[in-house]
Amino acid sequence: MSPALLPKHVAAVVKYQRNPIKALELFNSVKKEDGFKHTFLTYRCMIEKLGFHGKFEAMEKVLEEMRMNIDNGLLEGVYIGAMRNYGKKGNIQEAVDVFERMDFFNCEPSVQSYNAIMNILVEYRYFDQAHKVYMRMRDKAIVPDVYTFTIRMKSFCRTSRPHAARRLLNNMLSQGCESSAVAYCTVIGGFYEENHQVEAYELFEEMLGLGICPDIMAFNKLVHTLCRKGHVQESERLLNKVLKRGVSPNLFTFNIFIQGFCQRTMLNEAIRLLDVLGRGLTPDVITYNTLICGLCKNSKVVEAEHYLHKMVNEGYVPDGFTYNSIINGYCKLGMMQNADKILSDAAFKGFVPNESTYCSLINGLCQDGDMDRAIFVFNEALEKGLMPSLVLCNTLIKGLSQQGLILQALKLMNDMSENGCSPDIWTYNLVINGLCKIGCVSDADNLVKDAIAKGHLPDIFTFNTLIDGYCKKLKLDNAIEIVDRMWNHGVSPDVITYNSILNGLCKAGKYEDVMGTFKLMVEKGCVPNIITYNILTESFCKARKVEEALNLIEEMQNKGLTPDVVSFGTLIKGFCDNGDLDSAYQLFSRVDEQYKFSHTTATYNIMINAFARKLNMNMAEKLFHKMCENGFSPDSYTYCVMIAGFCKTGNIDSGYSFLLTKIEKGFIPSLTTFGRVLNCLCLKLRVHEAVGIIHLMVHKGIVPEVVSTIFEADKKAVAAPKIVVENLMKKAHITYYAYEILHDGIRDKKLLRKKFPTSRVFS
């Protein structure tokens, strides 16, 4: 005689069976067993299993059967479980339907049911509906509990009303509920979310003062909020407080902190935390993935690969996220060989490249300009069974468009529909942007019309790209027409739109229209940004209204904007271009104190150039040395201006010295700069130094292409200097007088035997 099959046995098997369909087959098969009848326990386990795995149609059938065989008054817990499972899968309406049907099936919802549906609605930001459920609960005289109030507080906090949540927290006791750690942490998190750090910390202290200490789950949620906002140090301060009260952090706590440190680029702290873990808690794959991802996002991909090897050595199996993070990191740095090696090693260990992998590779190859291989990788992905998705196609289309390969991008976009993947407006935007970059704005405009005809409505990016394209070609009437089309499509121009129009008007010299458009922009409620004001500044300066431009600095500050290097650079240049060098220098001298602005190489260059043009090389040289003393490195333009100024004033010693220094610093002077110095040296009959410069140019490879066709070293050594001199003469960089001196000088064997003073840069 076989032992009787008990409901607890069936419930246990259903619970531990991973496959929900097999569990359902077993559940149905046992009905045929003699004397067996499903109970509340077996029904509940089966419904929970199906709901957890998202098999809702089957779940509803079992629930219907349960209602027929079990007292409906006992089913509230089952309904709550069903609601929560619907909620976890984002099926909000279905969760609401379960709640609404409870009355119909003679199961009176209690406060637990109301809490369950309110929590789901709040989690998915249906705040008004959650409030209506709460009011209905109160109308039915159902007494709220601590969970009800906590859900209400969460709703207030997520709608940026932490002070309302605080008042509710304070009133809980008068409503017959004692405050909980979860309730406190919810409100504290709300204050931190809105950057009210002082109030948040005071409330945290109040909670601990009342003897209420959060458990690790509640504390982790609070720390997660803080770290996501970038307040890692504040999280550490709170952690130290709860550690003293016996709360022990778990692995999830450490993972949150590692993620927080990585987001703040505090990578050494993140690494230190992982090392600390090794002496206590054991890190898992998520721990390593968090650190590896953080390192890759901060361009520390070699270090990330080190931790990949470390986790493998410690017995952990990297997953797709691990490999994709490192592959993507190397691709962004242009280190494609490293990315290929990681992929090859991963594939050997069983990793199958997915959409993310291929997108990273295509992106990296496109940035490298290796379009043939990018197309090959795209085709390889399709051959290996990957469906041509929007993300994959858009990645290649973006690369093709950025490289100017518009015909290939258009072909791929047209082929998408045939492959079962229709382009979206972003696909069109990528090609439209590519067309505008190569100056084919009319073709881009036609493509927008084609997108509209196919049902793809243009967005703000579409219109802004077209407007910017037309403005750069100074076709301002077309740009204004696009703005009118924006309004017709229900798209409001933003600050980028207006900035493009303003910049176009400024470049076209329509300075009065610039101010008119600016006033219209403000009237339409569009808030100007620093770029807007910089365009206005440039417009005033070009219209010789520099004092009005200067007034804009104060207006910017009054509106909470900080003038930048472009703002002051434009103003200083405006004074210089208007011949008011004294005012320019006065502004240059006082901006650091008056406006708390730190000069850059660019602003120094403007002043140095202004003095050099006026042949005031004493002031130019004084600023040059001040620039170096203040830690700003002269760039190629700085040296070019100084050399030109010295040559014009006849100070050939300084011009010659600056040329050699410029080359020592790794800059390659233009042929014009070389020509200036050579002409001056030849005028002074300093043939030795002049010929030395020619040989220096040959040594540095600053030669016409024809030199590279001479393969014999001896012949090249003789011919190259002559070719350089001929080329300088042909392009009018040296005078005929200088040409004759140099031509004779490079053939003078006595001169060739001398050691050139420029040899210090030959190393």
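Modeller: A salt bridge is counted where a side-chain nitrogen of Lys or Arg lies within 4 Å of a carboxyl oxygen of Asp or Glu. In this predicted model, local features need pLDDT of at least 70 and side-chain atom pairs count only at pLDDT 80 or more, whereas totals for chains, interfaces and linings use all residues. Residues are numbered from 1 along each chain as its sequence is written, and side-chain values use heavy atoms, with hydrogens and water left out.

Colleague: How many salt bridges does the structure hold?

Modeller: There are 26 salt bridges in the structure. Take Glu123 as an example: Glu123 pairs with Arg158, and the closest N and O atoms of the two are 3.3 Å apart. Because Glu123 belongs to helix α7 and Arg158 to helix α9, this pair ties together parts that are 35 residues apart in sequence. Helices are DSSP runs of H or I with at least four residues, numbered from the N terminus.

Colleague: Which helices hold Lys507 and Glu538?

Modeller: Lys507 and Glu538 form a salt bridge with their closest N and O atoms 3.3 Å apart. Lys507 sits in helix α29 (residues 495–507) and Glu538 in helix α31 (residues 530–542), so that the pair links distant parts of the chain, 31 residues apart.

Colleague: And how far apart, N to O, are the side chains of Asp577 and Lys573 in their salt bridge?

Modeller: For Asp577 and Lys573 the distance is 2.8 Å, N to O. Both residues belong to helix α33 (residues 565–577), where they are four residues apart, about one turn of the helix. A network can also arise: Glu123, Lys154 and Arg158 are joined into one by salt bridges that share partners.

Colleague: Is Glu123 buried, partly exposed or exposed?

Modeller: The class follows from relative accessible area, with buried under 20%, exposed over 50% and partly exposed in between (1.4 Å probe, protein chains only). Glu123 counts as partly exposed because its relative accessibility is 37%, and Arg158, with a relative accessible area of 31%, is partly exposed. Among the other salt-bridge residues, Lys507 is partly exposed at 44%, Asp577 is partly exposed at 40%, and Lys573 is partly exposed at 43%. For a buried case, look at Leu476 in helix α28 (residues 476–488), which has 9% relative accessibility and therefore counts as buried.

Colleague: What does the backbone show at Asn106 and Thr265, and why is a positive phi worth a look?

Modeller: Most residues other than glycine have a negative phi. Asn106, which is not a glycine, has a positive phi of about 60°; Asn106 lies in the loop between α6 and α7 and is exposed, with a relative accessible area of 61%. Thr265 likewise has a positive phi, near 60°, and is placed in the loop between α15 (251–263) and α16 (267–277). At 52% relative accessibility, Thr265 counts as exposed.

Colleague: How many cavities of 30 Å³ or more does a search of the whole structure find?

Modeller: A cavity is a set of points on a 1 Å grid over the protein atoms alone where a 1.4 Å probe fits but cannot get out, and lining residues have an atom within 4 Å of a point. The volume is the space filled by probe spheres set on the points. The search finds two cavities of 30 Å³ or more, and the largest has a space of about 50 Å³. Its lining is made by Met118, Val122, Phe127, Ala130, His131, Ile151, Arg152 and Ser155. Helices α7 (111–123), α8 (127–139) and α9 (146–158) are the elements that give two or more residues to this lining.

Colleague: Which residues line the second largest cavity?

Modeller: The second largest cavity, with a volume of about 30 Å³, is lined by Phe99, Glu100, Asp103, Pro109, Tyr114, Arg136 and Lys140. Helix α6 (residues 92–104) gives the most to this lining, with three residues.

Technical notes: On a 1 Å grid over the protein atoms alone, a cavity is a set of points where a 1.4 Å probe fits but cannot get out, and a pocket is an open set with protein on both sides within 12 Å along at least five of seven lines; lining residues have an atom within 4 Å of a point.
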